[in-house]
Amino acid sequence: MSQFTPSTVERRLLMDRSVPGRRSVRMPAPDVPRAPLPAESMLRKDLQLPELSELEIVRYFTLLSQLNFSIDTNFYPLGSCTMKYNPKLNDEMASLPGMAEIHPHQPDSSVQGALRLMYELQEVLGEITGLPCVCLSPLAGAQGEYAGLLVARGYHRYKRDGDRKVALIPDSAHGTNPASASMAGFEVVTVPSDRQGNVDVEALKKLADRRTAVFMLTLPSTVGLFEPRILEITRAIHEAGGLVYADGANLNALLGLTRLGDLGFDIAHSNLHKTFSTPHGGGGPGAGPVLVKAELADFLPTPVVARVDNEYRLVAPKNSVGRLSGFHGSFGILVRAYTYIRMMGLEGMRQISENAIINANYVQSKLKADYDLPFGGRYSMHEVVFSARRQKAVGVSALDVAKRLIDHGVHPPTMYFPLIVPEALMVEPTETETKETLDGFIEVMKKIAREAEEKPEVLKSAPHDTPNTRLDEASAARKPYLRWQRNGAAAPAQP
Amino acid sequence: MNAKNAMASNNPRELKYSAEHEWTRLQGETATIGITHFAQDSLGDIVYLSLPAVGASVKQFQKMGEVESVKAVNDIYSPVSGKVVERNENALKSPEIINKEPFGNGWLVKVQLSDPSEMGKLLDAASYDKLTAGGH
């Protein structure tokens with residue numbers, strides 16, 4: 001049987017391994033009378049559950065865990081995601097009983113240590129970004145964006161400036177920006193980029209007017225470049241009466257170097273799971289604290305931690321936009337981010353960003369002869385965007401390059417984003433990789449560039465050495481197979 | 001082989017083009033509309049398509065639908081104004097036809113023109129070749 005060949009992955013799903021009547025545990029006899037479930041409360045008739053022994057279940061999930069790809073196993077240069085190493089000390093602190101075994105319903109007086117940690121995290125995030133008023137509760141970056149936009153809306157309404165309905169968003173933005181703006185009730189207007197990959201400042205000035213509620217900007221931009229005219233940009237929006245929002249996804253490039261508040265931003269969110277080394281990419285949950293300047297503090301979501309007479313309390317800001325999550329956010333994640341920041345210290349903050357920037361530019365300079373740089377070889381910040389348009393001209397796409405990287409144990413970089421770069425490959429090495437790892441990656445990328453010229457079919461059929469080879473993503477999207485069926489009725493053909 | 005030149009010469013001479021990569025074939029006062037080879041190639045495998053209903057009004061250079069590929073979701077802009085008289089049900093059901101035959105069976109809608117003079121605002125094949133020759 002093939003399942004006893006060590007090199008073969010036993011592929012059957014949990015449901016297909018099920019044997020009727022097999023069980024892991026023996027339930028005790030009920031000590032209350034049996035009663036049928038009321039028919040009207042049943043969602044469906046056919047709840048099928050797998051029946052397996054405990055050992056079979058352990059083997060199944062252990063196998064799946066061995067197929068995992070993570071930053072703990074391999075290089076993971078996924079642009080805009082900051083897949084840096086997550087120090088294990090973070091987890092150790094989060095699992096201390098005082099952190100892990102408290103309950104959100106406990107009275108504030110019994111969790112003063114936890115509240116103090118949250119308070120100090122608010123303070124230090126405010127110091128790092130120059131936006132001193134912070135709410136930690138949003139549960140992800142996109143929710144942090146949404147919270148920030150609700151603050152902007154609340155502010156304009158409070159000032160009876162209700163005609164401000166427009167959110168200006170660059171064409172290079174993360175897709176979450178227009179999505180969050182629409183969710184918050186704004187009309188999205190796109191701001192073009194110029195030929196250097198910057199915001200087209202002249203076009204922005206024309207678009208900014210009395211209907212502008214907020215301009216959302218990622219800094220450095222999604223093409224990994226710093227906006228040289230950032231002060232002019234924030235001034236123009238303020239002169240039009242609007243607020244400036246910073247998408248904090250790329251904060252890893254700015255720590256200790258500059259502060260969003262000093263550059264004129266009014267609101268930001270910070271992805272703790274990117275910049276501050278808490279797990280993500282399936283290891284979540286995330287956390288997306290929202291940060292604002294002092295005059296917007298009253299509009300923050302509920303709750304924030306305040307210090308009153310030497311005691312820490314959860315409070316509701318005066319004109320709060322309301323609650324965004326049950327309780328007060330992903331506490332375990334907050335502990336991890338706090339641990340990381342305290343461990344690195346203020347000196348360390350600056351070093352994080354300096355090394356992230358040096359690593360990205362090292363990769364850029366070593367690969368600029370092999371892949372195109374869309375904006376003429378400007379120095380990058382913490383990530384570098386290549387274009388595989390030269391490879392595309394010989395029939396090899398960015399997707400093929402990315403798939404071939406998998407054969408070399410490298411996680412594919414972000415592809416086809418930002419949308420303004422054709423055949424984009426966005427590489428973010430982060431500060432936690434060694435020169436040896438970067439050199440290994442550079443060598444592989446050069447080899448792939450040669451293969452594109454010499455034997456493109458190797459790229460087009462990649463990956464070759466994985467349990468699943470090239471997936472048919474188009475069919476999967478056109479005819480999604482979302483639910484297991486007995487006898488594999490709707491199962492797609494095995495490769 | 002130079003793929004760029006091969007691609008450019010794929011743009012049929014008799015069609016008119018928009019800068020947003022839609023093509024228009026005029027027959028009498030009815031325009032057949034689709035997306036170009038360049039557009040489908042940039043998008044990659046198309047997995048979902050939404051189009052206006054028959055009878056709906058469309059406006060020149062305004063959004064009339066969406067096309068979703070494995071890479072991205074893009075808006076489709078109508079290159080002309082008028083009323084939708086027919087739409088390609090086959091492309092809605094099997095959008096891969098747009099990848100295979102963008103200028104043929106992968107057409108999207110037919111529109112009864114309300115202002116034929118608008119055709120003057122569209123590009124001829126030579127201008128569209130030039131627009132798409134340098135990448136995007």
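In the loop between strand S11 (414-415) and strand S12 (424-427) of chain A sits A:Pro418. In this predicted model, the peptide bond that joins A:Phe417 to A:Pro418 is cis, with omega about -5°. A cis bond also turns up from A:Leu219 to A:Pro220, where omega is near -15°. A:Pro220 belongs to a loop as well, the one between strand S4 (212-218) and helix H8 (230-239) of chain A. Chain A has another backbone oddity to look at: A:Asp309 is not a glycine, yet its phi is positive, near 50°. A:Asp309 lies in the loop that links strand S8 (304-308) to strand S9 (311-315) of chain A. These spots are worth a second glance because most residues other than glycine have a negative phi, and most peptide bonds are trans.

Next come two helices of chain A. Helix H5 (residues 141-158) and helix H6 (residues 176-183) pack with their axes 9 Å apart, at an angle of about 45°. That angle is why H5(A) counts as oblique to H6(A). As for handedness, the crossing of H5(A) and H6(A) is right-handed. On the H5(A) side, the residues that meet H6(A) are A:Gly141, A:Ala142, A:Glu145, A:Tyr146 and A:Leu149. Facing them from H6(A) are A:Thr176, A:Asn177, A:Ser180, A:Ala181 and A:Met183. Sorted by class, the residues of this contact come out as 5 nonpolar, 4 polar and 1 charged.

Over in chain B, the thing to trace is an open sheet of 6 strands. Going across the sheet, the order is S1-S2-S3-S9-S8-S5, and the pairing is antiparallel. Strand S1 (16-17) and strand S5 (57-58) of chain B are the edge strands, each with pairing on one side only. Inside that order, strand S8 (residues 82-87) and strand S9 (residues 109-113) of chain B pair in the antiparallel sense, with 5 bridges. To find the register of this pair, look for B:Val84, which stands opposite B:Val111 in S9(B). When following strands like these, keep in mind that in a regular strand the side chains alternate between the two faces of the sheet.

Chain B also has a hairpin, made by S6(B) and S7(B) with 3 residues between them. Strand S6 (residues 63-69) and strand S7 (residues 73-77) of chain B run antiparallel and are joined by 5 bridges. One of the pairings here is B:Lys63 with its bridge partner B:Tyr77 in S7(B).

The two chains touch each other too: 10 residues of chain B are in contact with 10 residues of chain A. The chain B side of that contact has 4 nonpolar, 3 polar and 3 charged residues.

How far can the picture be trusted? The model as a whole scores ipTM 0.73 and pTM 0.87. Chain A has an average pLDDT of 92, and 96% of its residues score at least 70. Residues 1-6 of chain A fall below 50, and this stretch has 3 contacts in the model beyond near neighbours in sequence. Residues 491-495 of chain A are below 50 as well, with 4 such contacts. For chain B the mean pLDDT is 90, with 91% of the residues at 70 or more. Here the weak stretch is residues 1-8, where pLDDT stays under 50 and the model has 10 contacts beyond four places in sequence. Where pLDDT is low, the predicted coordinates should not be read in detail.

Key. Residues are numbered from 1 along each chain as its sequence is written. Chains are lettered from A and ligands numbered from 1 in the order in which they are written. This is a predicted model: local features need pLDDT of at least 70, side-chain atom pairs count only at pLDDT 80 or more; totals for chains, interfaces and linings use all residues. Axes are lines fitted to C-alpha atoms, for helices over the stretch in contact, and angles run from 0 to 180 degrees between N-to-C directions. Helices (H or I, at least four residues) and strands (E, at least two) are DSSP runs, numbered from the N terminus. Angles under 35 degrees count as roughly parallel, over 145 as roughly antiparallel, 65 to 115 as roughly perpendicular and the rest as oblique. A crossing is left-handed if the near helix is turned anticlockwise from the far one by less than a right angle, and right-handed if clockwise. Two residues are in contact if their C-beta atoms, placed from the backbone, lie within 7 Å. Ala, Val, Leu, Ile, Met, Phe, Trp, Tyr, Cys and Pro count as nonpolar, Asp, Glu, Lys and Arg as charged, and the others, Gly among them, as polar. Two strands pair if DSSP finds at least two bridges between them. pLDDT is the predictor's confidence in each residue, from 0 to 100.
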